[in-house]
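Reader: Could you walk me through this model, one feature at a time? I would like the general idea and then the case at hand.

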Amino acid sequence: MTFKACQNSSSVLLPFLIPRLCLQNIPRRGIKSISAPRPNRFNRGQNLPLLGSTTTAALERKRFTTPLRTGVLGTKKGMTAMYDPETGRRFPCTVVQMDRVQVVAHKTRQRNGYFAVQVGSGWKHPSNVTRPLLGHYAEHKVSPKRHLVEFKVQDENGLLGIGETIGASWFQEGQYVDARANSRGMGFAGGMKRHGFHGQPASHGVSLTHRSMGSAGQSQGGGSRVYPGKKMAGRMGGEQVTTQNVKVVKVDDEKGLMVLYGSIAGPDGCLVKLSDAIKKPWPDIPTNILEAPPALNPATATA
(Lines give C-alpha, C1' and ligand atoms only; values in the text may rest on other atoms or scores of the structure.)
Protein backbone atom coordinates (compact mmCIF):
# COMPACT_ATOMS: atom_id res chain seq x y z
CA MET A 1 0.00 0.00 0.00
CA THR A 2 1.46 3.37 -1.00
CA PHE A 3 1.35 6.58 0.96
CA LYS A 4 -1.35 8.10 -1.31
CA ALA A 5 -3.50 5.02 -0.89
CA CYS A 6 -3.04 5.33 2.85
CA GLN A 7 -4.24 8.97 2.72
CA ASN A 8 -7.33 7.97 0.75
CA SER A 9 -8.18 5.10 3.06
CA SER A 10 -7.35 6.90 6.29
CA SER A 11 -10.80 8.38 6.43
CA VAL A 12 -12.31 4.91 6.30
CA LEU A 13 -9.92 2.89 8.46
CA LEU A 14 -9.78 3.23 12.21
CA PRO A 15 -6.69 4.92 13.70
CA PHE A 16 -5.26 1.67 15.13
CA LEU A 17 -5.58 -0.03 11.72
CA ILE A 18 -3.49 2.54 9.87
CA PRO A 19 -0.15 1.02 8.78
CA ARG A 20 3.11 2.43 10.07
CA LEU A 21 4.00 3.79 6.64
CA CYS A 22 1.06 6.13 6.87
CA LEU A 23 2.25 7.71 10.13
CA GLN A 24 4.64 10.60 9.80
CA ASN A 25 7.70 10.08 12.02
CA ILE A 26 8.45 13.46 13.50
CA PRO A 27 11.89 13.53 15.23
CA ARG A 28 11.75 14.60 18.84
CA ARG A 29 14.46 16.64 20.46
CA GLY A 30 15.83 15.47 23.78
CA ILE A 31 18.77 15.73 26.16
CA LYS A 32 21.73 13.50 25.26
CA SER A 33 23.86 12.19 28.10
CA ILE A 34 27.55 13.04 27.88
CA SER A 35 28.62 10.17 30.18
CA ALA A 36 28.50 6.48 29.41
CA PRO A 37 25.86 4.37 31.15
CA ARG A 38 26.90 2.98 34.47
CA PRO A 39 27.76 -0.73 34.38
CA ASN A 40 25.72 -3.00 36.58
CA ARG A 41 26.56 -6.38 37.94
CA PHE A 42 24.10 -8.08 35.62
CA ASN A 43 25.67 -6.96 32.32
CA ARG A 44 26.61 -9.90 30.14
CA GLY A 45 26.48 -8.44 26.65
CA GLN A 46 29.17 -7.26 24.30
CA ASN A 47 31.16 -4.04 24.69
CA LEU A 48 30.48 -4.04 28.42
CA PRO A 49 33.11 -3.83 31.19
CA LEU A 50 34.27 -7.03 32.84
CA LEU A 51 32.46 -7.84 36.06
CA GLY A 52 34.65 -7.77 39.13
CA SER A 53 32.88 -10.70 40.80
CA THR A 54 33.47 -13.30 38.09
CA THR A 55 36.12 -16.01 37.99
CA THR A 56 37.58 -14.44 34.85
CA ALA A 57 38.14 -11.14 36.65
CA ALA A 58 39.65 -12.95 39.64
CA LEU A 59 42.15 -14.79 37.41
CA GLU A 60 43.06 -11.51 35.73
CA ARG A 61 43.74 -9.87 39.09
CA LYS A 62 45.98 -12.75 40.15
CA ARG A 63 47.79 -12.91 36.83
CA PHE A 64 50.77 -10.81 37.94
CA THR A 65 51.32 -12.91 41.09
CA THR A 66 50.86 -16.33 39.48
CA PRO A 67 54.12 -18.02 38.43
CA LEU A 68 54.83 -18.60 34.76
CA ARG A 69 55.85 -22.21 35.37
CA THR A 70 55.27 -24.97 37.87
CA GLY A 71 57.09 -25.56 41.12
CA VAL A 72 58.75 -28.71 42.43
CA LEU A 73 58.64 -30.86 45.54
CA GLY A 74 61.66 -31.57 47.70
CA THR A 75 62.65 -33.10 51.01
CA LYS A 76 64.51 -31.07 53.60
CA LYS A 77 67.65 -33.03 54.47
CA GLY A 78 69.11 -30.63 57.01
CA MET A 79 71.32 -27.57 57.40
CA THR A 80 75.00 -27.02 56.82
CA ALA A 81 77.38 -24.13 56.17
CA MET A 82 79.35 -22.88 53.19
CA TYR A 83 82.04 -20.27 52.64
CA ASP A 84 81.94 -17.39 50.21
CA PRO A 85 85.06 -17.72 48.04
CA GLU A 86 85.26 -13.94 47.48
CA THR A 87 84.85 -12.66 51.02
CA GLY A 88 85.59 -15.81 53.03
CA ARG A 89 82.42 -15.31 55.04
CA ARG A 90 80.71 -18.39 56.44
CA PHE A 91 76.94 -18.53 55.96
CA PRO A 92 74.26 -21.11 56.86
CA CYS A 93 72.34 -22.97 54.18
CA THR A 94 69.67 -25.64 53.81
CA VAL A 95 69.95 -28.77 51.67
CA VAL A 96 66.83 -29.93 49.78
CA GLN A 97 66.72 -33.16 47.79
CA MET A 98 64.31 -34.02 44.96
CA ASP A 99 63.11 -37.61 44.69
CA ARG A 100 61.51 -38.75 41.40
CA VAL A 101 59.51 -35.58 40.83
CA GLN A 102 57.07 -36.12 37.93
CA VAL A 103 54.14 -34.35 36.33
CA VAL A 104 51.00 -36.38 37.06
CA ALA A 105 48.08 -34.36 35.61
CA HIS A 106 46.92 -30.99 34.32
CA LYS A 107 44.20 -28.58 35.39
CA THR A 108 42.85 -26.39 32.58
CA ARG A 109 40.71 -23.27 32.46
CA GLN A 110 37.99 -24.89 30.36
CA ARG A 111 37.57 -27.93 32.59
CA ASN A 112 38.63 -26.82 36.08
CA GLY A 113 38.47 -23.03 35.94
CA TYR A 114 42.22 -22.43 36.29
CA PHE A 115 45.57 -23.63 34.99
CA ALA A 116 47.66 -25.83 37.26
CA VAL A 117 50.19 -28.64 37.14
CA GLN A 118 49.80 -31.62 39.45
CA VAL A 119 53.23 -32.78 40.60
CA GLY A 120 54.11 -35.93 42.53
CA SER A 121 57.29 -37.01 44.26
CA GLY A 122 58.67 -40.15 45.87
CA TRP A 123 57.18 -43.61 45.55
CA LYS A 124 54.41 -45.44 47.38
CA HIS A 125 53.51 -49.11 47.33
CA PRO A 126 50.28 -49.74 45.40
CA SER A 127 48.83 -51.66 48.34
CA ASN A 128 48.93 -48.45 50.40
CA VAL A 129 47.10 -46.36 47.80
CA THR A 130 43.33 -46.16 47.47
CA ARG A 131 41.75 -47.54 44.32
CA PRO A 132 40.44 -44.19 43.01
CA LEU A 133 43.94 -42.76 43.31
CA LEU A 134 45.44 -45.87 41.70
CA GLY A 135 43.10 -45.35 38.75
CA HIS A 136 44.22 -41.72 38.56
CA TYR A 137 47.86 -42.79 38.33
CA ALA A 138 47.10 -45.57 35.88
CA GLU A 139 45.18 -43.21 33.60
CA HIS A 140 48.23 -40.96 33.24
CA LYS A 141 50.72 -43.89 33.24
CA VAL A 142 52.61 -42.68 36.29
CA SER A 143 53.75 -44.75 39.25
CA PRO A 144 52.08 -44.06 42.63
CA LYS A 145 53.63 -41.11 44.43
CA ARG A 146 54.23 -40.44 48.09
CA HIS A 147 53.24 -36.77 47.79
CA LEU A 148 50.88 -35.07 45.35
CA VAL A 149 50.66 -31.26 45.10
CA GLU A 150 49.25 -28.72 42.62
CA PHE A 151 51.08 -25.63 41.41
CA LYS A 152 49.07 -22.92 39.66
CA VAL A 153 50.43 -21.35 36.48
CA GLN A 154 49.36 -18.32 34.45
CA ASP A 155 48.29 -19.99 31.21
CA GLU A 156 48.63 -23.11 29.10
CA ASN A 157 52.25 -22.27 28.28
CA GLY A 158 53.24 -23.38 31.79
CA LEU A 159 51.71 -26.86 31.46
CA LEU A 160 54.41 -29.50 31.21
CA GLY A 161 53.91 -32.86 29.52
CA ILE A 162 52.39 -35.58 31.69
CA GLY A 163 55.09 -37.96 32.86
CA GLU A 164 57.92 -35.42 32.52
CA THR A 165 60.61 -35.68 35.20
CA ILE A 166 61.73 -32.46 36.91
CA GLY A 167 65.23 -32.37 38.32
CA ALA A 168 67.23 -29.98 40.43
CA SER A 169 68.30 -28.09 37.28
CA TRP A 170 64.77 -26.69 37.12
CA PHE A 171 66.19 -23.82 39.18
CA GLN A 172 69.40 -21.94 38.45
CA GLU A 173 72.10 -20.81 40.81
CA GLY A 174 71.57 -17.24 41.92
CA GLN A 175 67.81 -17.05 41.42
CA TYR A 176 65.26 -16.64 44.21
CA VAL A 177 62.53 -19.07 45.21
CA ASP A 178 59.66 -19.27 47.71
CA ALA A 179 59.85 -22.25 50.08
CA ARG A 180 56.67 -23.56 51.72
CA ALA A 181 56.68 -26.19 54.46
CA ASN A 182 54.82 -27.12 57.61
CA SER A 183 56.54 -25.67 60.64
CA ARG A 184 57.80 -27.83 63.48
CA GLY A 185 55.02 -28.74 65.93
CA MET A 186 55.67 -27.50 69.47
CA GLY A 187 52.63 -28.92 71.25
CA PHE A 188 50.47 -26.99 73.71
CA ALA A 189 52.07 -23.63 74.49
CA GLY A 190 51.11 -20.71 76.69
CA GLY A 191 50.31 -17.19 75.67
CA MET A 192 53.82 -15.85 76.26
CA LYS A 193 55.53 -18.39 74.03
CA ARG A 194 52.80 -18.67 71.42
CA HIS A 195 51.92 -14.98 70.96
CA GLY A 196 54.73 -13.11 72.69
CA PHE A 197 52.72 -11.82 75.64
CA HIS A 198 54.77 -9.92 78.24
CA GLY A 199 53.12 -11.69 81.16
CA GLN A 200 52.16 -10.32 84.58
CA PRO A 201 54.49 -8.25 86.80
CA ALA A 202 57.12 -10.09 88.78
CA SER A 203 55.95 -8.55 92.08
CA HIS A 204 53.49 -6.01 93.50
CA GLY A 205 50.61 -8.28 94.33
CA VAL A 206 51.00 -10.97 91.64
CA SER A 207 50.87 -14.46 93.08
CA LEU A 208 51.55 -17.57 90.99
CA THR A 209 50.21 -15.96 87.81
CA HIS A 210 53.37 -14.42 86.35
CA ARG A 211 53.01 -16.22 83.00
CA SER A 212 49.23 -16.42 82.83
CA MET A 213 47.25 -14.84 80.00
CA GLY A 214 45.10 -12.56 82.14
CA SER A 215 41.60 -11.43 81.25
CA ALA A 216 39.98 -12.91 78.16
CA GLY A 217 37.11 -10.42 77.84
CA GLN A 218 34.70 -8.03 79.53
CA SER A 219 31.87 -8.90 81.85
CA GLN A 220 29.73 -6.03 80.57
CA GLY A 221 29.68 -3.96 77.40
CA GLY A 222 31.39 -6.61 75.33
CA GLY A 223 28.58 -9.11 75.31
CA SER A 224 29.91 -11.10 78.29
CA ARG A 225 31.72 -13.43 75.97
CA VAL A 226 35.13 -14.19 74.48
CA TYR A 227 35.53 -12.72 71.01
CA PRO A 228 36.34 -15.08 68.15
CA GLY A 229 40.03 -15.08 67.26
CA LYS A 230 41.16 -14.14 70.76
CA LYS A 231 44.85 -14.96 71.25
CA MET A 232 45.01 -17.64 73.91
CA ALA A 233 47.08 -20.64 74.88
CA GLY A 234 46.87 -23.60 72.52
CA ARG A 235 48.71 -25.75 70.03
CA MET A 236 51.69 -24.03 68.50
CA GLY A 237 53.31 -24.83 65.17
CA GLY A 238 52.31 -27.43 62.60
CA GLU A 239 51.16 -24.74 60.14
CA GLN A 240 52.34 -23.94 56.63
CA VAL A 241 54.99 -21.24 56.64
CA THR A 242 56.24 -19.53 53.47
CA THR A 243 59.80 -18.25 53.40
CA GLN A 244 60.07 -15.78 50.53
CA ASN A 245 63.04 -14.69 48.44
CA VAL A 246 65.34 -17.59 49.34
CA LYS A 247 68.46 -17.55 47.18
CA VAL A 248 69.61 -20.70 45.41
CA VAL A 249 73.29 -21.12 46.24
CA LYS A 250 74.16 -24.35 44.46
CA VAL A 251 72.44 -26.96 42.28
CA ASP A 252 73.61 -30.57 41.83
CA ASP A 253 71.44 -32.14 39.14
CA GLU A 254 73.29 -35.46 39.26
CA LYS A 255 72.41 -36.11 42.90
CA GLY A 256 69.15 -34.12 42.85
CA LEU A 257 70.34 -31.69 45.52
CA MET A 258 69.73 -27.98 45.87
CA VAL A 259 71.37 -25.72 48.46
CA LEU A 260 69.38 -22.71 49.70
CA TYR A 261 70.72 -19.71 51.56
CA GLY A 262 69.63 -19.51 55.19
CA SER A 263 66.92 -21.52 56.90
CA ILE A 264 63.41 -22.55 55.94
CA ALA A 265 60.50 -23.81 58.00
CA GLY A 266 59.95 -27.42 58.95
CA PRO A 267 61.95 -30.24 60.57
CA ASP A 268 64.39 -32.48 58.74
CA GLY A 269 62.62 -34.87 56.38
CA CYS A 270 59.58 -32.65 55.80
CA LEU A 271 58.06 -31.90 52.41
CA VAL A 272 59.10 -28.57 50.86
CA LYS A 273 57.27 -26.84 48.00
CA LEU A 274 59.60 -24.72 45.89
CA SER A 275 58.47 -22.21 43.28
CA ASP A 276 59.78 -19.06 41.62
CA ALA A 277 59.70 -16.04 43.94
CA ILE A 278 56.72 -13.81 43.17
CA LYS A 279 58.38 -10.68 44.64
CA LYS A 280 61.39 -10.94 42.35
CA PRO A 281 61.58 -10.64 38.55
CA TRP A 282 60.69 -13.86 36.78
CA PRO A 283 63.87 -15.77 35.94
CA ASP A 284 64.95 -15.86 32.31
CA ILE A 285 64.83 -19.63 32.06
CA PRO A 286 62.71 -21.99 29.91
CA THR A 287 59.22 -22.92 31.06
CA ASN A 288 59.34 -26.24 29.21
CA ILE A 289 61.60 -29.17 29.96
CA LEU A 290 62.17 -29.69 26.23
CA GLU A 291 63.87 -26.28 26.07
CA ALA A 292 66.08 -26.95 29.09
CA PRO A 293 69.48 -28.65 28.85
CA PRO A 294 69.31 -32.46 29.03
CA ALA A 295 69.59 -33.91 32.50
CA LEU A 296 71.68 -36.93 33.48
CA ASN A 297 69.98 -40.31 33.41
CA PRO A 298 69.38 -41.45 37.03
CA ALA A 299 70.00 -45.08 36.06
CA THR A 300 73.56 -44.31 34.94
CA ALA A 301 74.34 -41.70 37.57
CA THR A 302 76.92 -42.49 40.20
CA ALA A 303 76.71 -41.28 43.78
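The dialogue below goes from the overall fold to single residues.

Author: Happy to! Please keep in mind that this is a predicted model.

Reader: Let's begin with the inventory. How many helices and strands are in the protein chain?

Author: The protein chain has five helices and twelve strands. It counts 303 residues, and 29% of them are buried. Taking contacts between residues at least 6 apart in sequence, 68% join residues at least 24 apart.

Reader: Which strands run in the closed barrel, and with what pairing?

Author: The general idea comes first. Strands of a sheet pair through backbone hydrogen bonds, in a parallel or an antiparallel way. Here, six strands make a closed barrel in the order 1-2-11-10-7-12, and their pairing is antiparallel. From one strand to the next, the twist averages 50°.

Reader: Can we zoom in on one pair? Over how many bridges do strand 2 and strand 11 pair?

Author: Strand 2, residues 90-97, is joined to strand 11, residues 257-261, by five bridges in the antiparallel sense. To find your place on screen, start at Q97, whose bridge partner in strand 11 is L257.

Reader: Now the open sheet. What is its strand order, and which strands are at the edges?

Author: The open sheet has four strands in the order 5-4-3-6, with antiparallel pairing. Strand 5 and strand 6 are the edge strands, each pairing on one side only. Inside this sheet, strand 3 and strand 4 share five bridges in the antiparallel sense, and A105 stands opposite Q118 in strand 4.

Reader: Which helix lies across strand 3, strand 4 and strand 5?

Author: That is helix 4, residues 131-139, which runs at about 95° to strand 3.

Reader: How should I read the nonpolar core? Which of its residues touch the most other members?

Author: In soluble globular proteins, nonpolar side chains tend to be buried together. The largest nonpolar core here has 30 residues, and M98, F171, M258, L260 and L274 touch the most other members. Strands that supply at least two residues each include strand 1 (72-83), strand 7 (176-182), strand 10 (240-252) and strand 12 (271-276), along with strand 3, strand 4 and strand 5.

Reader: What is M258 in contact with, beyond its neighbours in sequence?

Author: Leaving aside residues within four places in sequence, M258 is in contact with T94, V95, V96, M98, F171, V248, K250, V251 and L274.

Reader: Let's try accessibility. Is S121 buried or exposed?

Author: S121, in strand 4, counts as buried because its relative accessibility is 6%, and buried means under 20%. Beyond four places in sequence, its contacts include L73, D99, R100, H147 and L271.

Reader: And G158, is that residue buried or exposed?

Author: G158 has 0% relative accessibility, so it counts as buried. G158 lies in the loop between strand 5 and strand 6, and L68, T70, V117 and V153 are its contacts once neighbours within four places are set aside. The C-alpha atoms of G158 and A116 are 8.2 Å apart, with the two positions 42 residues apart in sequence numbering.

Reader: Why does I278 count as partly exposed?

Author: Because its relative accessibility is 31%, and partly exposed covers the range between under 20% and over 50%. I278 is in the segment after strand 12. Not counting residues up to four places away, I278 touches T65, D178 and Q244.

Reader: What about backbone angles? What is the phi of L208, and of S224?

Author: Most residues other than glycine have a negative phi. L208, not a glycine, has a positive phi of about 60°, and S224 has a positive phi near 55°. L208 is in the loop between helix 5 (191-195) and strand 9 (234-236), and S224 is also found in the loop between helix 5 and strand 9. L208 counts as exposed because its relative accessibility is 84%, and S224 is exposed as well, with 52%.

Reader: One last feature: where does the charged end of R69 sit, and what does K280 lie over?

Author: The charged end of R69 sits over the ring of W170, 4.4 Å from its centre. K280 lies over the face of Y176, at 4.7 Å from the ring centre. As for ring pairs, the structure holds one aromatic pair.

Key
Residues are numbered from 1 along each chain as its sequence is written. This is a predicted model: local features need pLDDT of at least 70, side-chain atom pairs count only at pLDDT 80 or more; totals for chains, interfaces and linings use all residues. Side-chain values use heavy atoms; hydrogens and water are left out. Two strands pair if DSSP finds at least two bridges between them. Axes are lines fitted to C-alpha atoms, for helices over the stretch in contact, and angles run from 0 to 180 degrees between N-to-C directions. A nonpolar core is a set of buried Ala, Val, Leu, Ile, Met, Phe, Trp, Tyr and Cys residues joined through side-chain atoms within 4.5 Å. Buried means under 20% relative accessible area, exposed over 50%, partly exposed in between (1.4 Å probe, protein chains only). Contact means heavy atoms within 4.5 Å. Rings of Phe, Tyr and Trp (its six-membered ring) pair if their centres lie within 6.5 Å; planes under 30 degrees apart count as stacked, over 60 as edge-to-face and the rest as tilted. A charge sits over a ring if NZ of Lys or CZ of Arg is within 6 Å of the ring centre and within 35 degrees of the ring normal.
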